[in-house]
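Thank you all for coming. Please take a moment with the sequence and the model before I begin, and then we will go through a few places together.

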Amino acid sequence: MSEYKGNFNTKIGGLLAAVGSAVGLGNVWRFPTETGTSGGATFVLVYVFFMLILGIPIMISELAIGRYGGKNVSHSFFSMSGNRRGWALMGILPVVSGIVLLSYYSVVAGWIVQYLYEAITNQFVGKTPEEYATSFINFSSSTTRPLVWLYAVLLLTAAIVAFGVRKGIERSSKILMPILFICLVILVVCSVSLPGASEGLTFFLRPDLSSLSGGVILSAMGQAFFSLSVGVCCLCTYGCYFRRDADLIKESISVASIDTVVALMAGLIIFPAVFSVGNIESDAGPSLVFITLPNVFQQAFHGVPVFAYCFSLLFYLLLLVAAISSSISILEMSVSIFVRKYKIPRPTACFALALLCAVLGTMCSLSFGKWSHVTLLGLGFFDLFDSIVAKLLMPIGAFLVCVFAGWVVKKNILQDELTNAATISQPLFSVYLFIVRYVAPVGILLIFLNGLGLF
Ligand code: PHE
């Protein structure tokens, strides 16, 4: 537990780092986007179901596997499997997923920087809803500015991961996460009281089961995994740095609860506002949040411009913090293997990987503009990368983690890890084991194959 000792030195430190990883653009940007394109409330219902039934058990498994080995993901799988070489290959998953994920995640984080800049320079004032839409489309399809912000985000992420996450994350999360939470509550209240908001609430909260399809179920599962940062061994990486006395089941339930509440609040902000404006399609894709939010700020604090100014500034700042704490965890999961297994100096690994992400991220960013005609399997680079992570790597990774925890690891080893060598009681252990053995692997496999249209 050498280098990261400081970071997870306190019990709450591990929890906060996991929350920092989980709460991010996945909640405030990807969740409303997916809800908008996948049929609203039905998607939300399936998402919450997967969060509970699959997300939490997989999170528990990842943390337990990581902490058992305590060095790196590859070593953890190797040692917990009773030294079977094949399982050490699981170390490849976080490296590949981290690179693909960070490449497009930081494009969106870059958009947040632009919106923060616009908030600071007071550019949201006096625009019509159509103008918000046009200004976002013009910005995201341009070449230079999104790329500059993308590189800035990557550089900042690499610098933080290179020079120590230590107390920074722990302390800042302790203060900033609650403030973000309060901001969200205020925005929910404002948004649901906009005229015509009820239609949005219906879209978001009243499921219509006839819209359920294999594709919707796969997307909801992918979103649950994405939002919790599970399936790609990110939490397995953080598990390596966890303290031995942390209660992994309790922590996983806390992280998942916080994460779900934040996502639902984001939905309660976005959809009433979208429907209130009326002329913005609810399935506007990745741009939804960026077009809607500035409008909400202006509408909500109509009479008091100072409020609108301060609030939008604070909101984008906090969103950026949430995005950065997630991108730190994404970069860390790739970096960790190189540093801890191959003994490459941390700064070298960080900046080399960030450079690679900058190249791939450039392709993603340009897919909204200059390269929009370049498609593979009908998708531009950005959407392609997102689908690879959420619809391919995460389900495959989650399936392997469950098979590993449920069938490969000896039951007493797993039980020992989760009860901290029988020092705490875990009444839910048998429920957990049943899920990772039977429910999760079978469920994930069926949904995965069905979603891909294979049966
Ligand atoms: N959970 C993060 C979010 O919601 C994204 C993420 C996915 C981070 C996978 C790490 C690993 O924004």
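Let me start with a single residue: is Ala308 buried or exposed? Please keep in mind throughout that what we are looking at is a predicted model. Ala308 sits in helix H15, which runs over residues 305–340, and its relative accessible area is 3%. Because buried means under 20% relative accessible area, Ala308 counts as buried. If we leave aside residues up to four places away in sequence, Ala308 touches Phe297, Gln298 and Phe301. With Gln298, the separation is 10 residues in sequence, while the C-alpha atoms are 5.9 Å apart in space.

A second residue can be read in the same manner, and that is Val289, which lies in helix H14, residues 288–300. Val289 also counts as buried, at 3% relative accessibility. Again not counting residues up to four places away in sequence, its contacts are Val28, Trp29, Pro32, Ile270 and Pro294. Val274 is 15 residues from Val289 along the chain, and their C-alpha atoms are separated by 9.2 Å.

Let me now step back to the whole protein, which has 19 helices and 0 strands. Its radius of gyration is 21 Å, close to the 23 Å that the globule rule gives for 455 residues, so the protein is as compact as a globular protein of that length. Taken along the principal axes, the C-alpha atoms fill a box of roughly 65 × 50 × 40 Å. Of the 455 residues, 58% count as buried. If we consider the contacts with a separation of 6 or more, 82% of them come from residues 24 or more positions apart.

With that background, we can turn to how individual helices are placed. An α-helix has 3.6 residues a turn, so residues three or four places apart point the same way. In helix H10, residues 197–205, the buried residues are Ala197, Gly200 and Phe204. Seen down the axis of H10, these buried residues fall within an arc of 60°, so they line one face of the helix. On the other side of H10 we find Ser198 and Glu199, which are exposed.

Helix H18, residues 411–418, can be described in similar terms, with Leu414, Glu417 and Leu418 buried. They cover an arc of only 95° around the axis, which puts them on the same side of H18. And what do the buried residues of H18 pack against? Their partners are helices H3 (41–69), H4 (73–80), H13 (248–277), H17 (381–408) and H19 (429–451). After H18 comes Asn420, whose phi is positive, near 50°.

My last example is a pair of helices. Two packed helices are described by the angle between their axes and the distance between the axes. Helix H2, residues 25–37, packs with H3 at an angle of about 130°, and their axes are 7 Å apart. H2 and H3 are therefore oblique to each other. In this contact, Phe31, Glu34 and Thr35 of H2 meet Phe43, Val44 and Tyr47 of H3. Sorted by character, the residues of the contact are 4 nonpolar, 1 polar and 1 charged.

Notes: Residues numbered from 1 in each chain as written. Predicted model: local features only at pLDDT ≥ 70, side-chain atom pairs only at ≥ 80, totals over all residues. Heavy atoms only, no water. Buried < 20%, exposed > 50% of the residue type's maximum accessible area, 1.4 Å probe, protein only. Helix = DSSP H or I, 4+ residues; strand = E, 2+ residues; numbered from the N terminus. Arc of directions from axis to C-beta. Contact = heavy atoms within 4.5 Å. Axes fitted to C-alpha atoms, helices over the stretch in contact; angles between N-to-C directions. Parallel < 35°, antiparallel > 145°, perpendicular 65-115°, else oblique. Nonpolar A, V, L, I, M, F, W, Y, C, P; charged D, E, K, R; others polar. Rg over C-alpha atoms; globule rule 2.2 N^0.38 Å.
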